[in-house]
Number of protein chains: 2
Amino acid sequence: MKTVMEEINVIKAKDGTVAVASAFAGHKEAIKDRDHKFLRKAIEEAYKGVECEDGGPFGAIIVCNDEIVAASHNMVLRNTDPTAHAEVTVIREACRKLKQIELSECEIYASCEPCPMCFGAIHLSRVKVRSKIWAL
Amino acid sequence: MKTVMEEINVIKAKDGTVAVASAFAGHKEAIKDRDHKFLRKAIEEAYKGVECEDGGPFGAIIVCNDEIVAASHNMVLRNTDPTAHAEVTVIREACRKLKQIELSECEIYASCEPCPMCFGAIHLSRVKVRSKIWAL
């Protein structure tokens, strides 16, 4: 896998210094790709949920150190539980797997902007929302 | 058990009509008693949760037709789940028992004013909050 520095045309001066502007632009681009990769995963979960008829078309994933810790979708119908939104079920699963009630080292990606309940759950779990980018 | 009309000094006119103001005052009083009864139950649940060391000191109950359908407390530590607040766990339990995802015929009583996540869950479940009275 290419590194950020390899992916961009770094302007290297004779003294070995690198133009900060171009390095920054490349970094932003790489983060965008990363966001797209994980958001795509969240959307795949949403499709999965609809296929299984588990609930509404919403998916979410939780990432830790660039690895997906948990992936889940809306389970309202499956669990007969109006609180089983994708963000809530994925937080629950990640906490269960990591055996901890706070996810400050993790990031959440969701296929849609979270509802107030899910925003509350995100806040309580301390899971990071790296940017204000949602899939939809 | 006394009825509302027995509990108050109803001013009955010769033609059999009842003074509305006093009847209304008595009705309010009876509702207050009902609220106290159910709020006390919610607080008992909070104590139970602390005794079991299941999580924070918060309890909630769901009532349908004057009967308690579900009673629960904060289960954050027990379930390793930051979303397992009393209101969320009691909504989940009531839905499971009644086999439905909406609780518009039910009322919720909580030992403390719900957090934003729980307010979201209350809204989604359609469970009624009869008044803005919480135990604490």
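Here is a short walk through a predicted model, one selection at a time.

**Stop 1: chain A as a whole**

Start by showing chain A alone as a cartoon. You should find five helices and three strands. Trace the chain from the N terminus and the elements come in the order α-α-β-β-α-α-β-α. Now switch on the surface: the accessible area of chain A is about 7900 Å², and carbon and sulfur atoms own 56% of that. Of the 136 residues in chain A, 43% are buried. If you count the contacts in chain A with a separation of 6 or more, 48% come from residues 24 or more positions apart.

**Stop 2: the sheet of chain A**

Next, select the three strands of chain A. They make an open sheet in the order 2-1-3, with antiparallel pairing. Which strands stand at the edges? Strand 2 (67–73) and strand 3 of chain A do, each with a single partner strand, so one side of each has no neighbour in the sheet. Look along the sheet and you can see a twist: on average, neighbouring strands are turned by 20° against each other, direction ignored.

As background, strands in a sheet pair through backbone hydrogen bonds, in either a parallel or an antiparallel way.

Zoom in on strand 1 (residues 59–64) and strand 2 of chain A, an antiparallel pair joined by six bridges. Put labels on a couple of partners. Gly59(A) sits opposite His73(A) of strand 2, and Val63(A) sits opposite Ile68(A), also in strand 2 of chain A. Then follow strand 1 into the turn. The two strands form a hairpin with two residues between them, and Asn65(A) in that turn has a positive phi of about 50°.

**Stop 3: the helix across the sheet**

Keep the sheet on screen and add helix 4 of chain A. This helix lies across strand 1, strand 2 and strand 3 of chain A, and runs at about 135° to strand 2.

**Stop 4: the aromatic pairs**

Over all chains, the aromatic pairs number two. For one of them, select Phe38(A) and Tyr109(A) and show sticks. Their ring centres are 5.3 Å apart with the planes at 45°, so this pair counts as tilted. Why does the pair tie together separate parts of the chain? Phe38(A) belongs to helix 2 (residues 20–52) of chain A and Tyr109(A) to strand 3 (residues 106–110) of chain A, so the link joins parts 71 residues apart in sequence. Buried or exposed, would you say, for Phe38(A)? Phe38(A) is buried, at 2% relative accessibility, and Tyr109(A) is buried as well, at 4%.

Now jump to chain B and select Phe38(B) and Tyr109(B). Here too is a tilted aromatic pair, with 5.3 Å centre to centre and 45° between the planes. Phe38(B) lies in helix 2 (residues 20–52) of chain B and Tyr109(B) in strand 3 (residues 106–110) of chain B, 71 residues apart. Both Phe38(B) and Tyr109(B) are buried.

**Stop 5: helix 4 of chain B**

Stay in chain B and select residues 86–98, which are helix 4. At 1.5 Å a residue, its 13 residues should span 18 Å, and the end C-alpha atoms are indeed 18 Å apart. The buried residues of this helix include Glu87(B), Val90(B), Arg92(B) and Cys95(B). What covers the buried residues of helix 4 of chain B? Turn chain A back on: the cover includes helix 4 (86–98) of chain A, along with strand 1 (59–64), strand 2 (67–73), strand 3 and helix 5 (116–125) of chain B. Finish on Lys99(B), just after helix 4 of chain B, where phi is positive at about 55°.

Definitions and conventions. Residues are numbered from 1 along each chain as its sequence is written. Chains are lettered from A and ligands numbered from 1 in the order in which they are written. This is a predicted model: local features need pLDDT of at least 70, side-chain atom pairs count only at pLDDT 80 or more; totals for chains, interfaces and linings use all residues. Side-chain values use heavy atoms; hydrogens and water are left out. Rings of Phe, Tyr and Trp (its six-membered ring) pair if their centres lie within 6.5 Å; planes under 30 degrees apart count as stacked, over 60 as edge-to-face and the rest as tilted. Helices (H or I, at least four residues) and strands (E, at least two) are DSSP runs, numbered from the N terminus. Buried means under 20% relative accessible area, exposed over 50%, partly exposed in between (1.4 Å probe, protein chains only). The expected span of a helix is 1.5 Å times one less than its number of residues. Contact means heavy atoms within 4.5 Å. Two strands pair if DSSP finds at least two bridges between them. Axes are lines fitted to C-alpha atoms, for helices over the stretch in contact, and angles run from 0 to 180 degrees between N-to-C directions. Accessible areas come from the Shrake-Rupley method with a 1.4 Å probe; for residues, only the protein chains shown count as cover.
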